[in-house]
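Trainee: I am new to this structure and would like a close look at a single helix. Please start with its length, then walk outward from there to the parts around it in your account.

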Amino acid sequence: ISTRNTKQTFSFKDVFLKSLAPDGGLFVPKKIPFYKPEELNGLKDISYNELAENIILKFCSDEFSKEEIKEIVNKSYKNFRVNDVVSIKKIGDANLLELYHGPTLAFKDIAMEIIGNMFEKILKNNLKINIIVATSGDTGAAAINAIKNKSNMNIFVLHPENKISDVQRKFMTTINSKNVFNIALESNFDGCQKMVKQMFTDANFSNSINMSGVNSINWARIVAQIVYYFFSYFKVAKKNEKINFSVPTGNFGDIYAGYIAKKMGLPINKLIIATNKNDILNRA
């Protein structure tokens, strides 16, 4: 359903391809699946990939079979530099969850690789789409890596000129792929994001180009990110113990996945949002 209309329902495929609801709201599930304590115990010793298959399927079983999700997950994570996708290091009393072991060194890879492979499965009937992305650096690089050279889709990335790092810019602008387009705007990230949202809410325009998005407005991004909250919890928590997560955030997508994990029954105590001078969320 849309956050602005609880009456109209959408399939996972609709939500995935539209990214933003037609009324400008965000897509959220009508009902969040819940794990009982005994079900959580059955998940605690499995691999990251198996956990991802279990959790992701709960949100998209109307579109993908269990076998298809297994194939998508395995294909997405085969080039990560650690066996279980993420790594946990102990620093004093805290546990540090490393999410940067993917191809572009950013936590965005974890969800973006899944999304790229979901697009490939959904678009096998020759439907063509144009993906529009706003980025402050990491999202664009991860999205390009996940979508480059895939058939039936183009990706257009808007980034603020001279406001991203050289490494991020090179990740994006040195890809020699016919379906990748980079556009630098004389603006900041919020200006880029605003432009993308305006394109989505212009129904005539977005429908005419089969527009889709992979920013954190896309519910599938959140679904894939829920997994590492479960995985890290099982690695560090004692039986049914409640733990806290402190998450650096720009526009709330990462920690929102933790909020959904808590709603799904994961014993989380506090979710602490850490921000810096890029404090649009704090000001809002």
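Mentor: Let's begin with the one rule we need: the expected span of a helix is 1.5 Å times one less than its number of residues. Keep in mind, too, that what you have in front of you is a predicted model.

Now take helix H5, which covers residues 108-122. This helix has 15 residues, so at 1.5 Å a residue it should span 21 Å. The C-alpha atoms at its two ends are in fact 21 Å apart, and so the model agrees with the expected value. As you look along H5, it helps to remember that an α-helix has 3.6 residues a turn, so residues three or four places apart point the same way.

How much of H5 is buried? The helix is mostly covered, with 14 of its 15 residues buried. To read that word properly, you need the cut-offs: buried means under 20% relative accessible area, exposed means over 50%, and partly exposed is in between.

With those cut-offs in hand, look at Glu120, a residue of H5. Its relative accessible area is 29%, so Glu120 counts as partly exposed. The side chain of Glu120 meets that of Lys75 in a salt bridge, with an N to O distance of 2.9 Å. Lys75 belongs to helix H4 (residues 66-77), so this pair ties together parts that are 45 residues apart in sequence. Lys75 is partly exposed as well, because its relative accessible area is 40%.

That contact takes us from H5 to H4, and from H4 we can follow the chain onward. The loop between H4 and strand E1 holds Val85. Val85 has a phi near 70 degrees, a positive value in a residue other than glycine. Its relative accessibility is 1%, so Val85 is buried.

After this loop comes a hairpin, made by E1 and E2 with 2 residues between them. In its turn, Gly92 has a positive phi of about 60 degrees. E1 is residues 87-91 and E2 is residues 94-98; the two strands run antiparallel and are joined by 5 bridges. For one of these pairings, find Lys89, whose bridge partner in E2 is Leu96. Lys89 also has a side-chain contact: a salt bridge to Glu98, at 3.3 Å from N to O. Is each of these two residues buried or partly exposed? Lys89 has a relative accessible area of 40%, so it is partly exposed. Glu98, at 8%, falls under the 20% cut-off and is therefore buried.

The two salt bridges we have met, Glu120 with Lys75 and Lys89 with Glu98, belong to a wider set, since a search of the whole structure finds 6. Another one joins the side chains of Lys44 and Asp45, 3.8 Å apart from N to O. Here Lys44 is partly exposed because its relative accessibility is 38%, while Asp45, at 68%, is exposed. Disulfides are another matter: the whole-structure search finds 0. There are cysteines to look at all the same. Cys60 has a relative accessible area of 1% and so is buried, and Cys192, at 0%, is buried too.

Val85 has company in its backbone angle. Ser19 has a positive phi of about 70 degrees although it is not a glycine. You will find Ser19 in the loop between H1 and helix H2 (37-41). With a relative accessible area of 0%, Ser19 is buried.

Next, move along the chain to an open sheet of 4 strands, paired in parallel in the order E5-E4-E3-E6. Its edge strands are E5 (180-185) and E6 (211-212), each of which pairs on one side only. E4 (residues 153-160) pairs with E5 in the parallel sense over 6 bridges. One detail to pick out is Val157, whose bridge partner in E5 is Asn182.

Finally, go to the surface. Phe252, Ile273, Ile280 and Leu281 make a nonpolar surface patch of about 280 Å². Of these residues, Ile280 lies in helix H12 (residues 280-283). Ile280 has a relative accessible area of 31%, which means that it is partly exposed.

Methods: Residues are numbered from 1 along each chain as its sequence is written. This is a predicted model: local features need pLDDT of at least 70, side-chain atom pairs count only at pLDDT 80 or more; totals for chains, interfaces and linings use all residues. Side-chain values use heavy atoms; hydrogens and water are left out. Two strands pair if DSSP finds at least two bridges between them. Buried means under 20% relative accessible area, exposed over 50%, partly exposed in between (1.4 Å probe, protein chains only). A disulfide is a pair of cysteine sulfur atoms within 2.5 Å. Patches are made of residues with over 30% relative accessible area and no salt bridge: like charges are joined within 9 Å, nonpolar side chains (Val, Leu, Ile, Met, Phe, Trp, Tyr) within 5 Å. Accessible areas come from the Shrake-Rupley method with a 1.4 Å probe; for residues, only the protein chains shown count as cover. A salt bridge is a side-chain nitrogen of Lys or Arg within 4 Å of a carboxyl oxygen of Asp or Glu.
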